[in-house]
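User: Can you walk me through this one? I'd like the strands, then the pocket.

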Amino acid sequence: MKRQFLFALYQTPRGKLLQTMEANYLRRSITVSCKQQQLQIGGLGWENEFVDFSLYKNYLILDGKALGDAGALKVTAKAFNLPIQTESMDLVILPHILEFDARRFQTLREVNRVLKPGGELVMLNFNPFSMSVRFQFLWDWKLAESWRAHLITKARVLDWLKLMNFELLTTAEFGLDSYTIAHGKFEFSFASLFAMAYGIKAVKRQYTLIPLTAAQQRRTNLAAVGLGLKSNLHRKVGHD
């Protein structure tokens, strides 16, 4: 599926409204400090609608075709092989990337690698059940080859994030003329079937594991102390 399908959709009346709603959601979702490191994978060209580049000097757009706002730092690279240091990013944004990425699992692994523990991930995806998206596919069928194999349900994406120890913060449903945000939970509703797209914000969690060998060694030492006390008690009783 070619990403030109996305830009063709944004040129339609409903697509322009979707762009406005998504820009509002992204602006609300960017809560990290302007001094922290932000990465957007996949240029849009209208990033200035949700990012103030006069403040966010560390905002980096990575795109295979160097797309993106002229005011941002840009790198030409592939999403599945990020030329970025491990655990160096505080925020990663994926605006309609996974449904166009044949190697999306590797891309998600790379995103997980470059995000710091406690770093935030924000993504936008199309709703596979949206009639508006289906209509646009029929209109631009040459640009949307193999579309059914790429559009991903929100439940599937959340399952992937859960496997990578991400904690859900918010989900958004973008309808025909408005959008809703749910905090910290995923609830299915019939309204979800009519949404053109959805958004997800999650945070990367990293848990510290207690070494099992240390716990076993502690139990061994306690057992040895217990045996020693028991032996001394027997000797004392026998002496008396």
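Analyst: Starting with one pair: strand β1 (residues 38–41) runs parallel to β2, joined by four bridges. This is a predicted model, where local features need pLDDT of at least 70 and side-chain atom pairs count only at pLDDT 80 or more, while totals for chains, interfaces and linings use all residues. Residues are numbered from 1 along each chain as its sequence is written, and side-chain values use heavy atoms, leaving out hydrogens and water.

User: What counts as a strand, and as a pair?

Analyst: Strands are DSSP runs of E, at least two residues, and helices are runs of H or I, at least four residues, numbered from the N terminus. Two strands pair if DSSP finds at least two bridges between them.

User: Which residue is the bridge partner of glutamine 40 in β2?

Analyst: Isoleucine 61. On strand β2 (residues 59–62), Tyr59 and Ile61 point one way, Leu60 and Leu62 the other, and all are buried. Buried means under 20% relative accessible area, with exposed over 50% and partly exposed in between (1.4 Å probe, protein chains only).

User: Why the alternation?

Analyst: Because in a regular strand the side chains alternate between the two faces of the sheet.

User: OK, what's the order of strands in the open sheet?

Analyst: β3-β2-β1-β4-β5-β8-β6-β7, eight strands with mixed pairing. The edge strands are β3 and β7 (179–183), each pairing on one side only. From one strand to the next, the twist averages 20 degrees.

User: Which helices pack on it?

Analyst: Helix α2 (residues 13–29) touches β4, β5, β6, β7 and β8, and its direction makes about 170 degrees with that of β5. Helix α3 (residues 104–114) touches β1, β4, β5, β6 and β8, at about 145 degrees to β5. Contact means heavy atoms within 4.5 Å. Axes are lines fitted to C-alpha atoms, for helices over the stretch in contact, and angles run from 0 to 180 degrees between N-to-C directions.

User: Is β8 mostly covered or not?

Analyst: Mostly covered: eight of the eight residues in strand β8 (residues 197–204) are buried. Strand β6 (residues 166–174) runs antiparallel to β8, with eight bridges.

User: Now the pocket. How much space lies in the largest one?

Analyst: About 640 Å³. Of its 22 lining residues, the closest to the centre are Arg3, Gly64, Lys65, Lys78 and Phe100. A pocket is an open set of points on a 1 Å grid over the protein atoms alone, where a 1.4 Å probe fits, with protein on both sides within 12 Å along at least five of seven lines; lining residues have an atom within 4 Å of a point. Its volume is the space filled by probe spheres set on the points, which are joined across faces, edges and corners.
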